[in-house]
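Subject: A structure for you to explore

Hello,

Here is the structure I promised to pass on to you. Please open it beside this email and find each residue as you read.

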Amino acid sequence: MTTTSLADHLRALPDEELMALIRMRPDLVIPPPADFSALAHRAQSRVAVARALDALDQFTLEILDALRYTRVGHTSSIEAVLALTAQSGVEAARVRAAVDLLRSYAVVFGPDQALRIVGAVEEVCSPYPAGLGRPAEELDPMAGALAADAAGLRRTLLAAPPAARAVLDRLAAGPPVGTVAATSLQPESDSPIRWLVERHLLVAVGRDAVELPVEVSLVLRRDAGPLGQLHPDPPPMETPQREPARLDRAGAGQVLELVRNAEALVETIGQDPPSVLRSGGLGIRELRRYAKTVGVEEQQAALLAEVVTAAGLIGEEIIDNKRVESVFLPTVAYDAWRAGGIAARWHRLAVAWLTMTRAPALVGQRDDRDRPINALAPELSRPGAPAQRRAALQVLADLAPGQTAAPSAVVDTLAWRGPRRISRGVSAGVEASLAEAAFLGLTGFDGLTSYGRLLLAELLSDGLDPDDPLGIAAPEGYALTGSAALLDTLLPSPVDHVLLQADLSVIVPGPPEPTLAGELELLGLQESASVYRITADTVRRSLDAGYSAADLHALLARRSRTPVPQTLTYLIDDVARRHGGMRIGSANSYVRSDDESVIAEVLADRRLQPLALRRLAPTVLASRHTPARLLEALRAAGYPPVQEDATGAAVLTRPKARRGAPRPTWASRGVEDPAAAARLSPPRLAGIIEQIRRGDTAARVARRAPVTVRANGAAAGASHTEALEVLQQALRDKTRVWVGYIDAHGATASRLVRPVSMGSGYLRAEDERTEMLHTFALHRITGAVPEGED
C-alpha cells in the first residue's frame with residue numbers, strides 16, 4: 001500500500017512520531033495549522049524544507065541525493081540506494097538510519113519500496129543530484145555516441161593530457177558544470193577545455209559554460225562508486241586532553257573578571273549616560289572611552305555592552321520628546337542583579353549571550369552602505385546567532401570532559417554536521433562565538449567547562465520537572481540551582497572583611513559580599529578588582545549619606561583584619577569636624593556659617609563669582625541660584641557644605657541614580673523566541689496535535705455536509721425561516737442536524753450537531769463527536785438540513 005500524499009502520511013502517524021516531527025521542525029506549528037492538509041502544505045513549502053535540510057548532516061544529504069538520483073517516476077527505493085552505496089563501502093545499516101532520519105523530518109515519506117521526496121527539495125537543492133550531470137545523448141548527439149562506446153570512452157579518457165584530466169576530475173567531483181572564458185572555446189584556442197570539447201568529453205552548454213555528461217562522471221568515479229566519495233563520519237578532530245578541574249579553574253577566573261567588567265561598564269554608563277545615535281547604536285568615541293575605563297579591548301567592550309543590554313541591565317530613557325533624543329542608562333534590574341552573588345550574576349549574562357540575536361563580532365565592520373557598524377545598532381541583529389553559538393558549543397560538549405579542540409576543528413565538524421549552514425562568513429562567525437565563549441568563562445583552554453556543559457544542557461532541554469509538567473509549582477526560596485550552583489562551588493567564597501594599609505588603600509582578599517560591596521562603594525574609590533582607596537572626598541560622601549565619624553570608625557574596626565592606620569583615623573576626624581560647618585538653604589538659596597571668617601573667605605573666592613553671592617549678615621550669604629547648583633559649586637571649590645531644610649535640619653542623602661527602561665525583547669515585540677520554540681513542552685505538543693486532529697476531523701465532516709448547508713446565502717438553500725423550522729423539529733425529535741453558519745471571521749462553515757435548546761436568539765447544540773456544547777447566533781445560521789438528507 002503506497003501513501004498518496006504527505007497529508008495522508010502525517011494523518012496516519014501516531015502522536016509520538018508527530019511530537020518528534022514538531023520538536024525537530026517547530027516552525028511547522030507556529031502558528032498551529034488548522035488541519036493535516038495545512039500542516040502538509042506548510043511542511044512542503046520552500047522555506048520550511050530549506051530549514052529542515054539545513055539541520056541535516058553531510059552524509060544524510062548525500063543519501064537524499066542518492067534517492068533523487070535513483071528516482072523512477074515519483075518514487076525511489078532503499079534497495080536502489082543500497083546498491084549504489086555498497087560500491088562506496090558504506091554499511092547498509094547506516095544508509096537505512098539516514099533514510100529514517102529523512103523520514104523523521106518529513107522530507108521523505110512512504111514505505112521502503114516506494115519512497116517519495118517532497119517537491120520543494122528540487123527547488124532548494126542542486127539540480128545535479130550527487131554531482132552528476134545530464135545524459136550525454138541529451139546534451140549532444142556526438143557525446144552520446146562516444147558514451148555509447150564504452151571502450152572508446154576509456155581510450156579517449158586515457159589520452160587526455162594532465163591539464164585536461166585535472167579539469168575532468170574537478171567536474172567529476174561535482175557540480176558537473178563550470179564557467180570558462182569565451183576564448184577557451186574558440187577553434188584557435190589550445191586550452192584543455194577546447195581539447196575536451198572537441199573530443200566530446202565535455203559539452204558546451206553556452207558561450208562560457210560546459211557540462212560533464214553523467215556517463216563520463218561514472219567512469220571517472222569507478223573507484224569511489226557512482227555517488228562519489230561519501231562521508232558517513234565527521235572529519236577526524238584532534239582533542240588534546242587536559243584536567244577537567246584545570247578547565248573549570250580557568251573558566252571561573254574569567255567569570256570573576258567578566259562580572260567585574262560588566263559592573264564597571266554599567267556604572268560608567270550610569271555616571272555619564274551616552275546619547276543614543278539616530279541609528280540606534282552607541283557612538284564609537286564612547287565605546288573607546290568605556291574600553292579604556294574598564295580596561296578591556298574595544299571589541300570586548302562592544303561584546304560587554306551587547307550582553308548587559310540583552311540581559312536587561314542597560315536600557316534607554318527619552319530626554320527630549322520633540323527631538324526624539326534618548327540616552328543609555330542602567331535599569332532597575334541592574335540594582336537587583338548587582339545585589340546577587342557572582343554565580344547568579346554570571347548566569348544571567350551567560351544566558352543572555354546564548355539567547356540574544358545579536359552578532360557583536362560585526363562591530364567596527366562596514367555595512368552595505370559602507371558605514372561602520374556601531375555597538376547596540378539594529379544592524380547587528382542576526383536571528384540565527386543563538387543557534388550558531390549553541391551548535392559550536394555542542395561540538396565541545398560532545399567531547400569527553402577535559403578534551404579540547406581548536407576553533408578550526410570545531411568549524412570542520414560543523415561543516416559536516418550542517419554543510420548547508422556553513423560558509424566562509426559563517427566560519428568566521430563560529431570562531432568569533434568561541435572567542436566570546438572564552439571571554440564569558442564558558443570555556444577554558446579551548447575546552448568546555450563543567451558548568452558550561454550543564455548550562456548548555458539546561459538550554460537545550462525543555463526544563464520540565466516530571467512531577468510538575470505544567471510548571472505551576474512555586475520555587476522554594478532563591479537558592480542557586482544547576483549550572484549556577486556548580487559554578488558557585490568553584491568560585492572563592494565571598495569575604496566579609498578587608499585589609500587596611502598605611503597608604504589609605506583597602507585590600508579585599510576575595511569577592512566581597514553584597515553588604516560589604518555597598519559599604520566599599522560608598523567609603524572608597526575602586527582602583528582595581530580588589531583594591532579601593534579612601535580619600536577625603538569618599539569620607540565626605542559617606543558623611544553626606546548619613547554616617548557619623550563614630551559610625552565610620554566602628555565600620556572600619558569591624559571590617560578590617562589589620563589595625564586601622566592612624567592617618568585614616570585623623571582623616572575621618574578632620575573631615576567630620578569640618579563637615580556641616582557651612583549650611584545651604586533656599587533664598588533662592590543661601591549660605592550660612594557660625595564662623596564669620598569662612599563666610600568672608602567664600603565671598604572673596606574668585607572661583608565663586610559666577611554665583612553672584614550677596615552678604616545679608618556676617619554669617620549669611622544669599623544667591624539667586626538653586627541650592628543644588630550652589631552645593632555643587634562650593635564642593636567643586638573645595639568647601640564642605642551640607643544642605644539643610646526649612647527647619648535647619650541637615651539633609652543627608654545618597655546621590656539618586658537614574659534608571660532607564662530595558663530595550664524590547666523577543667516577547668515584547670510579539671515574536672516568539674526561536675530558542676524557546678525548539679523546547680515545546682510535552683503538554684503543549686499534545687495540545688497542538690489534538691487541535692490539529694480535531695480541525696482535520698471537522699474539515700472532513702464539513703466536506704461531507706449537504707450542498708445546501710455549505711452554500712452561502714438563502715438563494716442556494718433553505719431560507720432562514722425554513723432553517724429555524726428544521727431546528728425546532730430536530731429539537732423536538734432529539735435528532736442530529738447539519739447546521740450551516742457564518743463564523744466570527746465571516747467565513748462559511750458547517751457542523752453536524754444535536755440541538756439542546758433554542759431561545760433568546762441563540763441555538764445551543766451538542767457535537768457528539770467532540771463532546772462539546774456549541775452556541776450559534778440564530779441570525780448567523782444560513783441553513784439547516786436533517787442528517788441523511790441532501
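Below is a short tour of what turned up, place by place. Please keep in mind that this is a predicted model.

**The core around Trp-346**

A good place to begin is Trp-346, in helix H19 (residues 342-355). The largest nonpolar core has 67 residues, and Trp-346, Leu-349, Trp-353, Leu-393 and Val-410 are the ones that touch the most other members. As general background, nonpolar side chains in soluble globular proteins tend to be buried together.

Which residues does Trp-346 touch, leaving out those up to four places away in sequence? They are Val-255, Leu-258, Val-259, Leu-440, Leu-442, Tyr-451, Leu-455 and Leu-487. A second, separate core of 57 residues includes Ala-7, Ala-48, Phe-109 and Ile-688.

**Rings and charges**

The structure holds 3 aromatic pairs. One of them is formed by Trp-346 and Tyr-451, and it is edge-to-face, with 5.2 Å from centre to centre and 90° between the planes. This pair links distant parts of the chain: Tyr-451 belongs to helix H23 (residues 450-460), and the two partners are 105 residues apart.

Are these two rings buried or exposed? Trp-346 counts as buried because its relative accessibility is 0%. Tyr-451 is buried too, because its relative accessibility is 0%.

Two arginines also sit over rings. The charged end of Arg-345 is placed over the ring of Trp-337, 5.4 Å from the centre. Arg-246 lies over the face of Phe-445, and there the distance to the ring centre is 4.8 Å.

**A helix with a buried face**

Next, look at helix H11 (residues 150-158), where Gly-152, Leu-153, Thr-156 and Leu-157 are buried. Why can we say that they line one face of the helix? Seen down the axis of H11, the buried residues fall within an arc of 135°, so they line one face. It helps to recall that an α-helix has 3.6 residues a turn, so residues three or four places apart point the same way.

Arg-155 and Leu-158 are exposed, on the face of H11 turned away from the buried side. The elements covering the buried residues of H11 include helix H10 (141-148), H12, helix H13 (192-198) and helix H14 (214-220).

**Strands and a hairpin**

An open sheet is built from 3 strands in the order E3-E5-E4, with antiparallel pairing. Its edge strands are E3 (177-179) and E4 (203-204), each of which pairs on one side only. E3 is joined to strand E5 (residues 209-211) by 3 bridges, and Thr-179 stands opposite Ala-209 in E5.

Further along the chain there is a hairpin made by E16 and E17, with 2 residues between them. Strand E16 (residues 614-617) and strand E17 (residues 620-623) run antiparallel and are joined by 3 bridges. Within this hairpin, Arg-614 stands opposite Ala-622 in E17.

Tyr-532 is worth a stop as well; this residue lies in strand E13 (residues 531-533). Tyr-532 counts as buried because its relative accessibility is 9%. Its C-alpha is 9.6 Å from that of Leu-500, and the two residues are 32 apart in sequence. Beyond its neighbours within four places in sequence, Tyr-532 is in contact with several residues, among them Leu-504, Val-506, Leu-520 and Gln-526.

**Unusual spots in the backbone**

Where do the cis peptide bonds described here lie? One joins Ile-30 and Pro-31, with omega about -5°. Pro-31 is in the loop between helix H2 (15-24) and helix H3 (36-43). Another runs from Gly-174 to Pro-175, with omega near -5°, and Pro-175 lies in the loop between helix H12 (162-172) and E3.

Two residues have a positive phi although they are not glycines. For Asp-446 the phi is about 65°, and this residue is in the loop between strand E8 (443-444) and strand E9 (447-448). Asp-446 counts as partly exposed because its relative accessibility is 42%.

For Lys-734 the phi is about 55°. Lys-734 is found in the loop between helix H34 (720-733) and strand E20 (737-742), and it counts as exposed because its relative accessibility is 63%.

Enjoy exploring, and write back with any questions.

Best wishes

How values were computed
Residues numbered from 1 in each chain as written. Predicted model: local features only at pLDDT ≥ 70, side-chain atom pairs only at ≥ 80, totals over all residues. Heavy atoms only, no water. Phe/Tyr/Trp six-rings, centres within 6.5 Å; stacked < 30°, edge-to-face > 60°. Helix = DSSP H or I, 4+ residues; strand = E, 2+ residues; numbered from the N terminus. Buried < 20%, exposed > 50% of the residue type's maximum accessible area, 1.4 Å probe, protein only. Lys NZ or Arg CZ within 6 Å of the ring centre and 35° of its normal. Pairing = 2+ DSSP bridges. Core = buried A, V, L, I, M, F, W, Y, C linked by side-chain atoms within 4.5 Å. Contact = heavy atoms within 4.5 Å. Arc of directions from axis to C-beta.
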